[in-house]
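Got the model open in your viewer? Here is a short tour, one selection at a time.

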Amino acid sequence: MTKFADTFSAGMEEVRKSWGWLLALGILLIVLGIACVGTARTATTVSILVFGWILLFSGVAWFVGAFQAWSWGGVFLYLLNAIIRGVTGYFLVRHPDAGAEAVTILLASLFVVGGIFRMVAAGLIKFPRWGWTVFSGGVAVILGFTLLGNWPTSSTFFIGLAIGIDLILDGSALVGFAGAIHSVFKPQPRPA
């Protein structure tokens, strides 16, 4: 075997020993994802609040860092960063529903622009299986316009729904991976 194959196989044996933990983590992520989908409105509010608090605390950290860099000429960049983070965090904590509306409209715009870009680029380059990329871009554009068309109502549940779906998919991938490494990568007998 090659050196790469030996390294990969040794690493997979270590990962295989933890298949039970990976399986448990995957199941936990699926359960959390189902909870987020079931309570999408609450999950949206909580995620915006957490994001706001993170920004608020990071603004304080940048403000403290500005005094540590007082003699440096870039101290004003530290202060500007602290102010932007702190004010944004404050508004997200104070008005999580408005924050969800802003994040949703940004995501919807990203879906539309990114989807159009993927469709056009795939159509021009025509790499192998490019049709799937065009399809994916089309779905993103439809999702983006659907969000924009239902905005601001969609902002009350979309973020929580998206987080829930992501957790379910990540959990399912981990469960599949755990099952695969448990059954496929069996320990090989060591030569004597």
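**First stop: a serine in a loop**

Select Ser 154, and show whatever it touches: leaving out residues up to four places away in sequence, that is Thr 104 and Leu 147. Keep in mind as you go that this is a predicted model. Ser 154 has its place in the loop between H6 and H7. Buried or exposed? Ser 154 counts as buried, because its relative accessibility is 3% and the cut-off for buried is under 20%.

Stay in that loop and pick Pro 152, which is also found between helix H6 (130–149) and H7. Zoom in on the peptide bond joining Trp 151 and Pro 152: that bond is cis, with omega at about 5°. For context, most peptide bonds are trans.

**Along H5**

Thr 104, the partner you just saw with Ser 154, is one of the buried residues of H5. Colour the full buried set: Pro 96, Gly 99, Ala 100, Thr 104, Ala 108, Val 112, Gly 115 and Ala 122. What do the buried residues of H5 pack against? Their partners are H3, H4, H6 and H7.

Now try the distance tool on the ends of the helix. With 30 residues at 1.5 Å a residue, H5 should span 44 Å, and its end C-alpha atoms are 42 Å apart, so the two values agree. Step just past the end of H5 to Lys 126, which takes a positive phi of about 55°. Most residues other than glycine have a negative phi.

**H5 against H6**

Show H5 and H6 as a pair. Their axes come within 7 Å and cross at roughly 155°, which means that H5 is roughly antiparallel to H6. The crossing of these two helices, H5 and H6, is left-handed. Sort the residues of the contact of H5 with H6 by class, and you get 15 nonpolar, eight polar and one charged.

**Over to H3**

Next, select helix H3, residues 40–68. Its 29 residues should span 42 Å at 1.5 Å a residue, and the end C-alpha atoms are indeed 42 Å apart. Buried residues of H3 include Ala 40, Ala 43, Thr 44, Ser 47 and Ile 48, and further along Gly 52, Leu 55, Ser 58 and Gly 59. As you look down the helix, remember that an α-helix has 3.6 residues a turn, so residues three or four places apart point the same way. The buried residues of H3 pack against helix H2 (19–38), helix H4 (75–94), helix H5 (96–125) and helix H7 (158–183).

Pause at Ser 47, in helix H3. Its relative accessible area is 19%, and the cut-off for buried is under 20%, so Ser 47 counts as buried. Which residues is Ser 47 in contact with, leaving aside neighbours within four places in sequence? Look for Ile 159 and Ile 163.

**Last stop: H3 with H4**

Bring H4 into view alongside H3. The two pack at an angle of about 155°, with their axes 7 Å apart, and H3 and H4 are therefore roughly antiparallel. Their crossing is left-handed. In the contact of H3 with H4 there are 16 nonpolar residues, eight polar and one charged.

Finish on Val 87, in helix H4. Val 87 has 40% relative accessibility, so it counts as partly exposed. Draw a line from the C-alpha atom of Val 87 to that of Gly 52: the two residues are 35 apart along the chain, and the line should read 9.4 Å.

Definitions and conventions:
Residues numbered from 1 in each chain as written. Predicted model: local features only at pLDDT ≥ 70, side-chain atom pairs only at ≥ 80, totals over all residues. Heavy atoms only, no water. Helix = DSSP H or I, 4+ residues; strand = E, 2+ residues; numbered from the N terminus. Expected span 1.5 Å × (residues − 1). Buried < 20%, exposed > 50% of the residue type's maximum accessible area, 1.4 Å probe, protein only. Contact = heavy atoms within 4.5 Å. Axes fitted to C-alpha atoms, helices over the stretch in contact; angles between N-to-C directions. Parallel < 35°, antiparallel > 145°, perpendicular 65-115°, else oblique. Left-handed = near helix turned anticlockwise from the far one by under 90°. Nonpolar A, V, L, I, M, F, W, Y, C, P; charged D, E, K, R; others polar.
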